[in-house]
Amino acid sequence: MDCIFCKIAGGEIPSDILHQDDRVIVIRDINPQAPVHLLIMPREHIASLRDIDDANASLMGHMALVANQMAEREGVMEKGYRLAINCGDEGGQTVGHLHAHLLGGRQLSGRLG
Ligand code: AMP
Ligand code: ZN
């Protein structure tokens, strides 16, 4: 499958992987929107949040735990950060492999859309 994030997770495209475990990897966004802008994504190809079901729902809890670990490591835990998932075209999703944006390091706008 021609999926850029699968290629990164599989090591086909070399990338600076900040965290990896059996379920997720974390990379820096190539076009950062904040001083800290990470992408937390499953190793497995899951196209979007729409594809979360009873069988894989625990992945979302794991992504939240990894987000907290990364926020701590990146020094944004205390001041706060945002975890955002864009789903589908109108949700602003441009890469069709589920990922959560971890944004922090500046005051983020309260505006979400
Ligand atoms: P979304 O619009 O929610 O689908 O987010 C896709 C994100 O992936 C964007 O913020 C892009 O900057 C980012 N991105 C695309 N290609 C790469 C890449 N090769 N490495 C890191 N981030 C990427
Ligand atoms: Zn993929």
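G80 is partly exposed in this predicted model, with a relative accessible area of 31%. The residue is found in the loop between α2 (58-74) and β4. Its C-alpha atom is separated by 23 Å from that of I17, a residue 63 positions away along the chain.

The zinc site is described next. Four protein atoms serve as donors to the zinc ion (ligand 2): SG of C3, SG of C6, ND1 of H45 and ND1 of H97. They lie 2.0 to 2.3 Å from the ion. The angles among these four donor atoms are 105 to 117°, and the site is tetrahedral. Along the sequence, the donor residues follow the spacing C-x2-C-x38-H-x51-H. C3 lies in the segment before α1 (4-9), while H97 is in the loop between β4 (81-84) and β5 (100-104), so this pair ties together parts that are 94 residues apart in sequence. Both C3 and H97 are buried.

The protein chain has two helices and five strands, arranged along the sequence as α-β-β-β-α-β-β. The radius of gyration is 14 Å, close to the 13 Å that the globule rule gives for 113 residues, so the chain is as compact as a globular protein of that length.

Further values for the protein chain are as follows.

| Property | Value |
|---|---|
| Box filled by the C-alpha atoms, along the principal axes | roughly 35 × 30 × 25 Å |
| Residues that count as buried, of 113 | 37% |
| Contacts with a separation of 6 or more that join residues 24 or more positions apart | 58% |
| Exposed area of the protein chain | about 6800 Å² |
| Share of the exposed area supplied by carbon and sulfur atoms | 49% |

Note on methods: Residues numbered from 1 in each chain as written. Chains lettered and ligands numbered in written order. Predicted model: local features only at pLDDT ≥ 70, side-chain atom pairs only at ≥ 80, totals over all residues. Heavy atoms only, no water. Donors = N, O, S within 2.8 Å, 3.2 Å for Na, K, Ca; no water. Tetrahedral: all angles 85-135°; square planar, octahedral: opposite > 155°, others 65-115°. Helix = DSSP H or I, 4+ residues; strand = E, 2+ residues; numbered from the N terminus. Buried < 20%, exposed > 50% of the residue type's maximum accessible area, 1.4 Å probe, protein only. Rg over C-alpha atoms; globule rule 2.2 N^0.38 Å. Contact = heavy atoms within 4.5 Å. Areas by Shrake-Rupley, 256 points an atom, 1.4 Å probe, with all protein chains shown as cover.
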